[in-house]
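Please open the model in your viewer and keep the sequence panel beside it. The stops below are meant to be selected one after another.

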Amino acid sequence: AWSAAMAGYLAQAGVSEAAIAVGPGPASSVQDELARCSGCPLLAISLSGPLPLAVYAFGIQQGKTRILWMVNRTERPQLVVVEKLRKAAALPMSRLNAATLPLKGFAESLATTSRAGSLDLTMEPYEVCRLALDAR
């Protein structure tokens, strides 16, 4: 989780390049995924909740797809509500958490938004989630 959050912080600070040495494991999987986002513009998003925020998020524009990266920075599950999405849409989602570690990386699935255009997501402790905001 720290690896994804650090990349987001650096991008938001305007850092154009950074080297983070990680060994094999979850951080390496996150770095591999983030490397594909190199040079992608950041999106304006808003975060709310009690401070300090348990979940950090940042958005990027990758080609024609908007991607929301979310990071649970705590040892507890956290409920995240993503709003202003397409109504009743199936969105590609990738999750990296303790349950997916035996899979050696992110687990792919679809998340379905509500009729109101929101998504309720319970993030596992220290989970990293990547959500494609544009339904295909």
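Begin by selecting V82, which, once its neighbours within four places in sequence are set aside, is in contact with L68, M70, G117, S118 and L119. Keep in mind throughout that this is a predicted model.

Next, widen the selection to the largest nonpolar core, which has 17 residues, and in which L68, M70, V82, M123 and L131 touch the most other members. The elements that give two or more residues to this core are strand 2, strand 3, strand 4 (78–82), strand 5, strand 7 (119–123) and strand 8, and the largest share, three residues, comes from strand 7. Apart from this core lies another, of 15 residues, with A5, L34, I60 and V128 among them. As background, nonpolar side chains in soluble globular proteins tend to be buried together.

L34 leads on to helix 2 (residues 26–35), where the buried residues to select are A27, S29, V30, Q31, E33 and L34. Show their surroundings as well: the buried residues of helix 2 pack against helix 1 (2–12), and also against strand 2 (55–62), strand 3 (65–72), strand 5 (90–96) and strand 8 (128–132).

For the last stop, select A54, which is found in the loop between strand 1 (42–43) and strand 2. Not counting residues up to four places away in sequence, A54 touches V71, N72, R73, T74 and Q78. If you then draw a C-alpha to C-alpha distance from A54 to E75, these two residues, 21 apart in sequence, are 9.5 Å apart in space.

Notes: Residues numbered from 1 in each chain as written. Predicted model: local features only at pLDDT ≥ 70, side-chain atom pairs only at ≥ 80, totals over all residues. Heavy atoms only, no water. Buried < 20%, exposed > 50% of the residue type's maximum accessible area, 1.4 Å probe, protein only. Helix = DSSP H or I, 4+ residues; strand = E, 2+ residues; numbered from the N terminus. Contact = heavy atoms within 4.5 Å. Core = buried A, V, L, I, M, F, W, Y, C linked by side-chain atoms within 4.5 Å.
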